[in-house]
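Q: Please take one part of this structure and look at it closely, saying what it is built from, what lies around it and how it relates to the rest of the chain. I would rather have one connected account than a list.

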Amino acid sequence: MPEQTILVVEDDNALSAALSTTLVGAGYRVETANDGEAALALLARTRVSLVLSDVQMSPMDGVELLGILSAQYPELPVIMMTAFATVSKAVDAMRAGANGYLVKPFVADDLIAAVADALKLTASAPARSHDNTLVCGDETTLSLLGIAARVARSDATVLLAGESGTGKEVFARYLHDNSLRADRPFVAINCAAIPESMLEATLFGHEKGAFTGADKSLPGKFELANGGTLLLDEISEMDLSLQAKLLRALQEREIERLGGKRPISVDVRVLATSNRNLAKEVESGRFREDLYYRLNVFPLYIPPLRERRGDVLPLVQHFLSVFCHGTRAVPSLSAMAEKKLVQHRWPGNVRELENVVQRSLILLRGDEISEADLVFEPANSGSPSSTSSDTAESSGDLIHDLRVEERRLIINALREGAGNREEAARRLGISPRTLRYKMARLREADLAIPVDALRAGAHSSVA
């Protein structure tokens, strides 16, 4: 197979060496880092195929690292390792975008299988495409789309504002895809997801020896986007001192690498997003006024989903198509399910809707999504007077209910497959390794699969 590079992030040197030996023996190249910050520094200068990271590290733990990786390297598969086999850690990791989860101690075969599965799934997964056509149906969004189409043809800097999860980056991609720069790079950087100490080098690049670990010169996002579009996501999170350097880059249309001695000319259209009111951030002294006016040449406000309810059902159909692609037929929606989806306030906006659709497919028993299959965020579905303990209890109940449903599906698949785990995995649409880990997690949650379901000849189903 082609040589692929695995980045091992582990603060136990002996375990890091053992993992490296196992992976090298399986034909992979290995890079190592002993904490999250070291891993991010290495990723800034080295291309890797997969990250294998411990959860318990400091000062940056594995879940925090995973969040940054999901934002900055969304196509990079990540497998998490932990000695603390708790449901909460597993849920945190999977919510943050982990492709796999290994509980220490584990054997070499399980490690190799997990890595192979993650790489295979990433290679074969349908692209979560950023289409030229936005998914919408509401008159408000359609009107906004018309404005965006006109401004896209200019080179004006655009500031996209709105709540988290409304689709600001999707609009930014639409602006690029419909611009005169469409055949040039679109480069996005999440200013909130990169440690302050690394953001300058990420934006402007660095020369060899500029800081510890900089063993070669690397271009920054401005250079990578040259001729195209640079999206500065959540720009309100940028430090004031770096804002000054960004302003200079926008005014002079040139940047200087960290440790560099000469300016580099760049031709980049800049788009920026913020979920805060930048005018108020300026008033409070947290954002430079001159940079605000440089960015706010053409403001676009993306309304929350509750103000464009006509988008809800088209988005639901879109996510159903994405999640069912190549694995199952797209289910229909009952009239009551459609009504409940449209009436929900969606405090988490499109991201919350995407999660609800994914949960509905997990709970679905037939070919139609009913009202009962829709599970909304517990913190947002209770009364305004709900206490934090009520919310935590509801969240725990949701996790438990999902595990009970997962257990039922696994038992049925095992019994229908006469106790054969490979056949059960095929029926569930997952790998045998994934089935093993799901069964192990259920056992840890006192929801072990009954012995009779594992026996050859098992055939009855469980309700």
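A: Helices and strands here are runs assigned by DSSP, with at least four residues for a helix and at least two for a strand, numbered from the N terminus. Counted in this way, the protein chain of this predicted model has 20 helices and 14 strands. The part chosen for the close look is helix H8, which spans residues 196–204, together with the sheet and the core around it.

Which residues of H8 are buried? They are Met-198, Leu-199, Ala-201, Thr-202, Leu-203 and Phe-204, where buried stands for a relative accessible area under 20%. The cover over these residues comes from several elements, including helix H2 (36–43), strand E7 (186–190) and helix H9 (221–224), and likewise strand E8 (229–233), helix H10 (240–252) and strand E9 (254–255). Just after the helix, Gly-205 adopts a positive phi of about 85 degrees.

Two of the covering strands, E7 and E8, lead on to a sheet. This is an open sheet of five strands in the order E7-E8-E11-E6-E12, with parallel pairing. Its edges are formed by E7 and strand E12 (298–301), each of which pairs on one side only, and the twist from one strand to the next averages 20 degrees. Towards the E12 edge, strand E6 (residues 158–161) runs parallel to E12 and is joined to it by four bridges, with Leu-159 standing opposite Pro-299. Helix H6 (residues 139–152) packs on this sheet, where it touches E6, strand E11 (269–274) and E12, and its direction makes about 155 degrees with that of E12.

The surroundings of H8 can also be followed through the nonpolar core. The largest such core holds 55 residues, and Leu-203 is listed among those with the most contacts inside it, along with Leu-7, Phe-222, Leu-232 and Ile-235. Leaving aside residues up to four places away in sequence, Leu-232 touches Leu-203 as well as Ile-189, Cys-191 and Leu-246, and its contacts also include Val-270, Leu-271, Ala-272 and Thr-273. Another core, of 20 residues, lies apart from the largest one and has Leu-305, Phe-319, Leu-320 and Leu-364 among its members.

Cys-191, one of the residues touched by Leu-232, has a relative accessible area of 3% and is therefore buried. Cys-136, at 18% relative accessibility, also counts as buried, and the structure holds zero disulfides.

Helix H10, another element in the cover of H8, contains Glu-252. Is this residue buried or partly exposed? With a relative accessible area of 47%, Glu-252 is partly exposed, and its C-alpha atom is separated by 8.4 Å from that of Ser-265, 13 residues away along the chain.

Helix H2, also part of the cover of H8, connects this region with a second sheet, for H2 lies across E1 and E2 and runs at about 155 degrees to E1. The second sheet is open as well, with five strands paired in parallel in the order E2-E1-E3-E4-E5. Strand E2 (29–33) and strand E5 (100–103) each have a single partner strand, so that one side of each is left without a neighbour in the sheet. Neighbouring strands of this sheet are turned by 20 degrees against each other on average, direction ignored. Within it, strand E1 (residues 5–9) and strand E3 (residues 50–54) run parallel and are joined by four bridges, with Val-9 opposite Ser-53. Helix H1 (residues 13–25) packs on the sheet, touching E1, E2, E3 and strand E4 (78–82), and its direction makes about 165 degrees with that of E2.

Val-78, in strand E4, has a relative accessible area of 2% and is therefore buried. Its contacts, not counting residues up to four places away in sequence, are with Val-51, Leu-66, Leu-69, Ala-98, Asn-99 and Gly-100. Val-78 is 71 residues from Leu-7 in sequence, while their C-alpha atoms lie 9.5 Å apart in space.

For the chain as a whole, buried residues make up 45% of the 463 residues. Of the contacts between residues at least 6 apart in sequence, 71% join residues at least 24 apart. The accessible surface comes to about 22400 Å², and carbon and sulfur atoms account for 49% of it.

How values were computed: Residues are numbered from 1 along each chain as its sequence is written. This is a predicted model: local features need pLDDT of at least 70, side-chain atom pairs count only at pLDDT 80 or more; totals for chains, interfaces and linings use all residues. Side-chain values use heavy atoms; hydrogens and water are left out. Buried means under 20% relative accessible area, exposed over 50%, partly exposed in between (1.4 Å probe, protein chains only). Contact means heavy atoms within 4.5 Å. Two strands pair if DSSP finds at least two bridges between them. Axes are lines fitted to C-alpha atoms, for helices over the stretch in contact, and angles run from 0 to 180 degrees between N-to-C directions. A disulfide is a pair of cysteine sulfur atoms within 2.5 Å. Accessible areas come from the Shrake-Rupley method with a 1.4 Å probe; for residues, only the protein chains shown count as cover. A nonpolar core is a set of buried Ala, Val, Leu, Ile, Met, Phe, Trp, Tyr and Cys residues joined through side-chain atoms within 4.5 Å.
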